[in-house]
Amino acid sequence: MESTPPPHRPFAVPPIQRLQSPARNRRVRHSLNESFSFGPQSLVNSSLLSAGTRSPTITRQQALALDPNASLLYTSPRFHKRTKKTASTLPPEHDVFSASQGTATVPNTQEEDEGEDLDWGPVDRMRLWRHDAMMQHLHETAAFWGDKILSWTNDPNDAFWLAQIYFMMHRYARAERILTRPFPLPDSKPPEKSVHTNGNPASQPPAFPSLASTSMYPINEQPSMWKGKGKEEVLTLDPLDEDEDASRLVDMSVACRYLAAQCLVSQGKWAEAVEMLGESNPFKGTARSGPTFANNDGGLKVEASMCHLRGVLMLKLNRTDRAKECFMEALALDVKCFDAFEHLVGGEMMTADEEWEFVQGLAYRDQTPEDADFVKLIYVSRLKKYKHIEEQAEARRRLVEDYRLMDNPDILHAFADALYVQFRWQDCYTITSRILDLVVIHAPTMPLYIACMYHLPHLHSKLFMRAHEMVDREPEAAITWYAVGMWYLTSKKWGEARKYFSKTSLMDPRFAPAWIAFGHTFALEGEHDHAVTAYSTAARLFQGSHLPLMFVGMEHLQLSNLALADEALKAAHIMCNQDPLLMNELGVLAFHRREYPQAVDSFSKALSLAEMDQSSELVWTTTYVNLGTSYRKIGHLEKAKECYEKVLNIDPRMTAALSLLGIVYHMLGNLDRAIDLYHEALSIHQMDSHALNLLNLALDANAEMAPFARKGGVPGGEEAWARNVRSRKGVPIPNESIGDSSNVSMGADVSMSSV
């Protein structure tokens with residue numbers, strides 16, 4: 001029985017233009033065990049060389065592959081005009097397709113003449129299989145045929161797409177190997193032996209295409225492998241040895257280097273990924289880079305994607321400031337890079353002022369002139385809602401009326417976020433429910449939706465059901481366990497809630513609501529020192545939000561550490577001076593320092609900001625109480641009475657307001673009215689010791705004071721009346737503390753999602 005004959009090598013090897021390496025002047029030779037740098041500088045210098053040369057040997061495809069300002073659209077799978085059907089001219093020993101199968105055809109496109117049949121070679125057919133398998137998520141099938149294509153063609157473009165398939169299959173090490181292994185390159189000289197298929201020697205094949213300059217199917221005017229009239233052009237499959245010239249795919253294309261870095265990140269190799277991308281943008285300052293350079297094909301710049309990935313790496317390495325710079329650079333280079341925007345805004349990396357200035361200064365007109373207004377409006381609608389309220393409302397209005405996005409989840413989320421900042425939880429819940437009717441899960445909306453159910457007592461049972469549903473549906477999502485923790489928070493099971501918030505932060509360290517809620521569990525339990533530690537960690541991780549610093553200041557107030565409270569609250573005020581909640585806390589600090597006029601100013605400003613935001617008055621009853629108490633401390637009893645009466649108009653059953661209003665009447669000498677108010681407060685809360693002490697004092701004073709004092713007051717005002725009481729009883733009026741603001745500030749921003 002005859003043995004299998006060795007394979008023939010009759011096919012021509014097309015040449016490829018070699019770009020000079022910046023690290024050495026000789027041609028590169030690699031072996032499999034040779035160590036070499038993965039730094040991007042050689043790629044940068046090659047890009048500069050291709051940009052500055054006019055050599056005809058450097059093809060347009062090679063220049064595109066080395067252009068950081070390009071996108072990957074020129075590598076996208078698409079059909080192109082084919083030649084008419086011809087018979088296969090492969091040598092019999094290499095024609096693995098049966099002649100009875102015929103040639104594949106596809107429906108004519110607009111670029112093709114009607115009625116014209118198309119010729120598909122074997123490689124073209126397999127590229128079609130590979131692409132169709134990818135679209136149907138049959139990744140094993142795509143990898144199987146892609147591997148055979150690469151073995152036949154040794155084309156870097158086919159290697160790139162095979163690496164893409166392995167990346168989709170989470171086989172990151174295998175994809176990285178394809179992209180970083182030494183790749184055999186054909187010699188620059190024409191081959192001495194060319195293919196003879198129909199009796200005539202084949203003409204010299206065109207230059208070898210640069211990586212990712214062809215698509216899954218050959219595009220534009222590039223010749224197709226294994227097809228044509230009277231000739232075939234297929235790369236040889238020479239084994240890689242130490243004596244053969246080679247180059248890595250990451251040195252041939254920006255897209256390849258970016259994909260290789262993604263593989264390293266997915267494997268947890270942070271240091272190697274940083275080396276692959278570079279500590280900073282290697283293309284910065286070159287002739288092809290900059291925010292004012294538009295992408296010619298209308299896609300996303302690979303350079304911007306690399307900057308974004310560099311920012312992700314810096315977050316992994318806990319270099320938050322550097323990550324912020326990388327994300328800002330990515331968005332500046334390409335305003336369409338929403339991932340960078342989401343990290344900056346959704347990740348609380350920028351303050352309200354920084355967000356506004358940065359978004360307003362992006363080069364929308366230079367990069368996408370047709371869609372500049374739309375992109376800018378979308379970004380403005382996602383910013384923090386504490387400042388530029390009117391501009392953001394106008395942006396939302398235009399997105400709904402001009403662009404007809406009234407049912408888009410992202411636009412509805414912008415409305416819900418604005419309502420949440422105004423503490424209009426019922427309205428916010430209505431909109432978030434509408435969003436979840438449209439889409440089952442919407443990541444930015446879920447923290448708002450859960451927080452609204454926490455704040456509305458009649459929805460606690462719905463929160464319980466929603467948490468169970470999320471555990472069954474998405475147990476691997478961080479937001480799922482955040483919902484479970486919020487349910488335990490409603491039940492006042494602080495320890496259980498803390499356990500699930502901790503689990504959430506471990507699953508997603510950049511999930512801000514979990515960190516804030518984790519601190520709340522300590523604060524509500526009375527563990528103020530632990531709460532300060534938790535809030536301080538959140539302040540370090542989310543440097544663009546003022547809420548963690550504000551909560552740190554509140555805990556120091558509880559511990560009577562006024563100096564530390566002042567430091568934290570002032571730092572928060574520098575970051576955001578338009579938050580009424582923060583102004584309330586500054587007023588509490590001034591009150592504890594006995595700086596009552598300053599406290600009045602802070603509380604008044606808090607209420608003015610709340611009115612500007614159209615917030616619900618019910619939420620700010622505590623601030624009205626605080627303002628009234630501050631007025632009483634400086635002797636403005638009538639103004640204090642107005643504040644307390646306004647609170648009772650909003651909430652007639654608020655015992656603190658009833659007791660404090662009774663004190664005002666008590667100080668004005670109207671003891672009968674004061675006694676009535678104390679009784680009313682005790683009828684609502686029978687165990688209110690503060691109101692009980694005030695009632696006993698008023699009854700004693702009422703029994704001993706002269707009739708004229710009970711009816712018309714004591715001449716000389718409050719001090720004369722107080723001295724009269726002290727001289728008769730020796731017992732002063734209890735010095736009540738200011739109304740506790742924790743009802744507003746501790747529960748208002750549990751989700752942190754409205755920042």
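I take helices and strands as DSSP runs, a helix being H or I over at least four residues and a strand being E over at least two. On that basis I looked up residues 621-654 and found 79% helix and 0% strand. The C-alpha atoms at the two ends of residues 621-654 are 9 Å apart. I note at the outset that this is a predicted model.

**Entry: whole chain**

I counted 35 helices and 2 strands in the chain. Of the 755 residues, 55% are buried. I then looked at contacts with a separation of 6 or more, and 67% of them are between residues 24 or more positions apart. The accessible surface comes to about 34200 Å², and carbon and sulfur atoms hold 52% of that.

**Entry: annotated repeats**

I checked the record for the stretch I began with. The UniProt entry, which is unreviewed, carries the annotation "repeat: TPR" for residues 478-511, 580-613, 621-654 and 655-688. I looked up residues 478-511 as well: 79% helix, 0% strand, with 8 Å between the end C-alpha atoms.

**Entry: a ring pair in residues 478-511**

I went through the aromatic pairs and the structure holds 18. I started with Tyr 429 and Tyr 449, which are stacked, with 5.5 Å from centre to centre and 10° between the planes. Tyr 429 is in helix α17 (residues 425-438) and Tyr 449 is in helix α18 (residues 445-455), so I have a link between distant parts of the chain, 20 residues apart. Both tyrosines, Tyr 429 and Tyr 449, are buried.

I then turned to Trp 481 and Tyr 500, an aromatic pair that is also stacked, at 5.9 Å centre to centre and 5° between the planes. Trp 481 lies in helix α20 (residues 478-490) and Tyr 500 in helix α21 (residues 494-507), so this pair ties together parts 19 residues apart in sequence. Are Trp 481 and Tyr 500 buried or exposed? Trp 481 has a relative accessible area of 12%, which is under the 20% cut-off, and therefore counts as buried. Tyr 500, with 17%, is buried by that cut-off too.

**Entry: charges over rings, and a ring cluster**

I looked for charged ends above Trp 481 and found that of Lys 503, which sits over the ring at 3.6 Å from its centre. I also noted Arg 396, whose charged end sits over the ring of Phe 415, 5.4 Å from the ring centre. Elsewhere I found Trp 129, Phe 144 and Trp 145 linked into a cluster by ring pairs.

**Entry: cysteines**

How many disulfides are there? With a cut-off of 2.5 Å between cysteine sulfur atoms, I count 0 disulfides. I took Cys 326 as a case: the nearest cysteine sulfur belongs to Cys 307 and is 6.7 Å away, and Cys 326 is in no disulfide. Cys 326 has 0% relative accessibility and therefore counts as buried. I looked up Cys 576 too, and at 3% relative accessibility Cys 576 is likewise counted as buried.

**Entry: Asp 566**

I picked out an acidic side chain in helix α25 (residues 562-575), namely Asp 566. Its relative accessible area is 13%, so Asp 566 counts as buried. Which residues does Asp 566 contact, leaving aside its neighbours within four places in sequence? I find Leu 589 and Arg 593 in contact with Asp 566.

Conventions: Residues are numbered from 1 along each chain as its sequence is written. This is a predicted model: local features need pLDDT of at least 70, side-chain atom pairs count only at pLDDT 80 or more; totals for chains, interfaces and linings use all residues. Side-chain values use heavy atoms; hydrogens and water are left out. Buried means under 20% relative accessible area, exposed over 50%, partly exposed in between (1.4 Å probe, protein chains only). Contact means heavy atoms within 4.5 Å. Accessible areas come from the Shrake-Rupley method with a 1.4 Å probe; for residues, only the protein chains shown count as cover. UniProt positions are given in the numbering used here, feature names are shortened, and annotations may be inferred rather than shown by experiment. Rings of Phe, Tyr and Trp (its six-membered ring) pair if their centres lie within 6.5 Å; planes under 30 degrees apart count as stacked, over 60 as edge-to-face and the rest as tilted. A charge sits over a ring if NZ of Lys or CZ of Arg is within 6 Å of the ring centre and within 35 degrees of the ring normal.
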